[in-house]
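Reader: Hi! I'm new to looking at protein structures, and I'd love a close look at the aromatic pairs in this one. Could you walk me through them and show how they fit into the whole?

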Amino acid sequence: MAGFHHVEVWIADLEEARAEWGWLLRRVGFALESEWPEGQSWAAGGAYLTLTTSPNLTGSAHDRRMPGVNHLAFKGGAADRVDTIMADAQEHGWLPLYQERYPHAGGSGHYAGWLENSAGFKAEIVADES
């Protein structure tokens, strides 16, 4: 069976991640599944996303332009739901990217919004195809 089992994201500031990622993950349909002093896991659709700190971090900043993961893309539901998430994002620590081309920065047939949080992580919120 194909698909992701889980994704683990190492973060430098857990409280910041709880606020920013927590808000976004709730908005795209994830539920907080477990929490411990160094992290938390969010589940949806049979997979989960873990946000965790580690003593093995080699730096305190994330740069999505370096080798590694550039961004995570989430199913956002209907286009108007994506619009609402994008409109509310700044109040929750996420800045819009490519706003001058929103909602078609990925091409005319792709309705999505891109966000970047205060730690430099990028998320894409993709609308259902009509």
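Author: Happy to! A quick definition helps to begin with: helices and strands here are DSSP runs, at least four residues long for a helix and at least two for a strand, numbered from the N terminus. Please keep in mind that this is a predicted model.

With those terms in hand, let's set the scene. The protein has 2 helices and 8 strands, and from the N terminus on their order is β-α-β-β-β-β-α-β-β-β. Its radius of gyration is 15 Å, close to the 14 Å that the globule rule gives for 130 residues, so the protein is as compact as a globular protein of that length. Along the principal axes, the C-alpha atoms fill a box of roughly 45 × 30 × 30 Å. Of the 130 residues, 38% count as buried. If you look at contacts between residues at least 6 apart in sequence, 56% of them join residues at least 24 apart.

Now for the rings. A search of the whole structure finds 6 aromatic pairs. One of them joins W21 and W94 edge-to-face, with 5.0 Å from centre to centre and 85° between the planes. This pair links distant parts of the chain: W21 belongs to helix α1 (residues 14–27) and W94 to strand β6 (residues 94–97), 73 residues apart. Are these two residues buried or exposed? The cut-off for buried is under 20% relative accessible area. W21 has a relative accessibility of 1%, so W21 counts as buried. W94, at 0%, counts as buried too. Try finding their neighbours on your screen as well: ring pairs link W21, F30, F74, W94 and F121 into a cluster.

Another pair is formed by Y102 and Y111, again edge-to-face, at 6.1 Å centre to centre and 70° between the planes. Here the accessibility values fall in the range from 20% to 50%, which is called partly exposed. Y102 counts as partly exposed because its relative accessibility is 24%, and Y111 is partly exposed with 23%.

From Y102 you can hop over to D80, which sits in helix α2 (residues 79–88). D80 and Y102 are 22 residues apart in sequence, and their C-alpha atoms are 13 Å apart in space. D80 has a relative accessibility of 54%, so D80 counts as exposed.

Let's finish on the outside. The protein exposes about 7600 Å², and carbon and sulfur atoms supply 53% of that area. As for charge, there are 9 positive and 18 negative side chains, and the centres of the two sets lie 4 Å apart.

Definitions and conventions:
Residues are numbered from 1 along each chain as its sequence is written. This is a predicted model: local features need pLDDT of at least 70, side-chain atom pairs count only at pLDDT 80 or more; totals for chains, interfaces and linings use all residues. Side-chain values use heavy atoms; hydrogens and water are left out. The radius of gyration is taken over C-alpha atoms; the globule rule is 2.2 Å times the number of residues to the power 0.38. Buried means under 20% relative accessible area, exposed over 50%, partly exposed in between (1.4 Å probe, protein chains only). Contact means heavy atoms within 4.5 Å. Accessible areas come from the Shrake-Rupley method with a 1.4 Å probe; for residues, only the protein chains shown count as cover. Lys and Arg count as positive and Asp and Glu as negative; His and the chain ends are not counted. The place of a charge is taken as NZ of Lys, CZ of Arg, CG of Asp or CD of Glu. Rings of Phe, Tyr and Trp (its six-membered ring) pair if their centres lie within 6.5 Å; planes under 30 degrees apart count as stacked, over 60 as edge-to-face and the rest as tilted.
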